[in-house]
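Got your viewer open? Here is a short walk through the chain, one selection at a time.

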Amino acid sequence: MVNWKSRKLGDYLLFANGVVLVILINLLATHLFFRIDLTEEKRYSIKPQTQTILNNLEEDVYIEVFLEGELNAGFRRFQKSIRETLEEFRVYSGNKVHYTFTNPGTAQGQKAQAEFMNDLASRGIQPTNVIDTKDGQRVEKIIFPGAIVSAGGMERGIMLLKGSTAKTSDERINQSIENIEFELINTIYALANTDRKRIGFVTGHHELEGADIASFNNDLLEVYDVYKVDIARTTDLKKYNALIIAKPRTAFSQADKFRLDQYIMQGGNVMFLLDKLDASMDSASRNDYLAIPYDLNLDDQLFKYGVRINPDLIQDQSAAPYPIITGEAGGKPQMQLIDWPFFPLINHYADHPVTRNLDAILTRFVSSIDTVKAPGVKKIPLLSTSQYSRTITAPVNVSVNELRKNVKAEDFSKSFIPVGYLLEGSFTSLFKNRFMPEGIDSSAAMLEQSKPARLVVISDGDIIRNDINPRSRQPQPLGFYPFNNYTFANRELLMNALAYLTEENGLIQARSKQIRIRPLDREKIKQEKVKWQVINLGIPILLVIVFGVVRAYWRRNKFARF
């Protein structure tokens, strides 16, 4: 009897010790924070750069997501991912990130709903028409898959539904899920950051400026401090985190090239947006118009850094449409939109944070790019044409009248021609083992090998140019193409590229997240349905029965000794 009582007391003590241990673990956990993500692609983890920004937030951030209400399965999954990401933001920020989900359709009255939706659209949150089938009937619904982020007295609207429209709806939602962290933290950082990077637009060579780049310039001003930089007069280029050379049309002097070269040697980053040939739609109505190369005097410099822009123009079967006159009716010209091969739509990208999950890019009169040997330089082909393209060597006849001719598919025999490269590493100076150019102080120190630097080279200067609304004379959003009322991803590409140039290991790395779609095999489900039902229902019951029998047998043998 004594032995039985002491064993019972021991059980009580063991239970009490277990309770105390659980309490101690919970107290310890309140001071020692950690999270474990067991998914293969770490879908519930956020990048260290994101965690750092959230940990250092000084003011509260408020996020209102307009994705609520009755949604189909794909958008419910999208909504769940947004909520999970925001919950991670809340935890890592120490409860400084506050979020809510709002249904725009709950506004009272049609007028109030229309005003609310127009307000969202004016902030960049565009409506999306979702078509679904419910109870055998086609159902259409307008949703606003975006959010408004507020911090420090400022706010900004962002679209969370992005990705390539060439993909299926599920694939596009998956791409958008992969981008959630970047879109949100990039906006938070832009609103909360006071140490802004400095971006310089190079001038002095008839580059694009003013209204032609007003849209992108305004986008830059939300994140960076932007300046015009005449490299012939600026003595200190080191203060700029990156330079943009946007479609120059006159030659760079040797002195300008030297200053640019030494900026790169000091670890400077440059975005080259260059047209190789002088081609424009203003002259394309003429049958005798020939596009000839610009003399920019940059070929040897780019060659030294590892790339060569060829004196040609690319034609692609995947191209933007252009209106041409195809006849007359009632004395009036008849217009028709026909794909214009000189305006390739780029939708083939490198697997890189700069270009991951981008929609198509609109280019105009773009040339091919080759790579050449450059020790210490890594070359990544960011942008390539479709598998049905070709090159035409200068001089190139550019005439819209060519659209009336029948185009033979077999003529477009080249595939994935590179038109944009990312170069990174240690570059060799163009002026190594050469005399100083005229206009440069010969006593000035010259670097022959660069510190780690990054260059983006795209063979289309117009990729940064916005159209101008002919009625209001206001700049259109960058990437907007008036002939099909579609906005291509030019802005996203250039903003991503600048983010990578200025912060190699910064927030842009959040775009490297990958989340796989693992669809069920419906045919296999039909074939193996009964087997898996037996496994899922029968085996747990069998295990419980086996456990009960074993436990009863063990207890009988244990207490038979008393």
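Where is the place of His-206? Select His-206 and you'll land in the loop between strand 7 (198–203) and helix 6. Before going further, keep in mind that this is a predicted model. Now look at the backbone: His-206 has a positive phi of about 60 degrees, even though it is not a glycine. Most residues other than glycine have a negative phi.

For another case, jump to Asn-357. That one sits in the loop between strand 17 (348–349) and strand 18 (361–362). Phi of Asn-357 is near 65 degrees, again a positive value in a residue other than glycine.

**Helix 6 against helix 9**

Go back to the loop with His-206 and carry on to helix 6, which it leads into. Select residues 214–221 for helix 6 and residues 490–502 for helix 9. The two pack at an angle of about 45 degrees, and their axes are 11 Å apart. Because of that angle, helix 6 counts as oblique to helix 9. As for handedness, helix 6 passes helix 9 in a right-handed crossing.

Now show the side chains where they meet. From helix 6, pick Phe-216, Asp-219 and Leu-220; from helix 9, pick Arg-491, Leu-494, Met-495 and Leu-498. Colour this contact by class and you should get five nonpolar and two charged residues, with no polar ones.

**A cis proline**

Next up is Pro-395, in the loop between strand 21 (389–393) and strand 22 (396–397). What is the peptide bond from Ala-394 to Pro-395, cis or trans? It is cis, with omega near 0 degrees. Most peptide bonds are trans.

While you're there, bring up the neighbours. Leaving aside residues up to four places away in sequence, Pro-395 touches Leu-290, Ala-291 and Ile-292. Try a distance too: the C-alpha atoms of Pro-395 and Leu-313 are separated by 9.2 Å, with their positions 82 residues apart along the chain.

**The second largest pocket**

Last stop. Rolling a probe the size of a water molecule over the atoms shows where empty space is left. Which residues lie nearest the centre of the second largest pocket? Select Met-281, Asp-282, Arg-364, Arg-465 and Asp-467 and you have them. The full lining of this pocket runs to 23 residues, and its volume is about 580 Å³. Colour the lining by class to see eleven nonpolar, four polar and eight charged residues.

Methods:
Residues numbered from 1 in each chain as written. Predicted model: local features only at pLDDT ≥ 70, side-chain atom pairs only at ≥ 80, totals over all residues. Heavy atoms only, no water. Axes fitted to C-alpha atoms, helices over the stretch in contact; angles between N-to-C directions. Helix = DSSP H or I, 4+ residues; strand = E, 2+ residues; numbered from the N terminus. Parallel < 35°, antiparallel > 145°, perpendicular 65-115°, else oblique. Left-handed = near helix turned anticlockwise from the far one by under 90°. Contact = heavy atoms within 4.5 Å. Nonpolar A, V, L, I, M, F, W, Y, C, P; charged D, E, K, R; others polar. 1 Å grid on protein atoms, 1.4 Å probe; cavity = no way out; pocket = protein on both sides within 12 Å on 5 of 7 lines; lining within 4 Å. Points joined across faces, edges and corners; volume = space filled by probe spheres on them.
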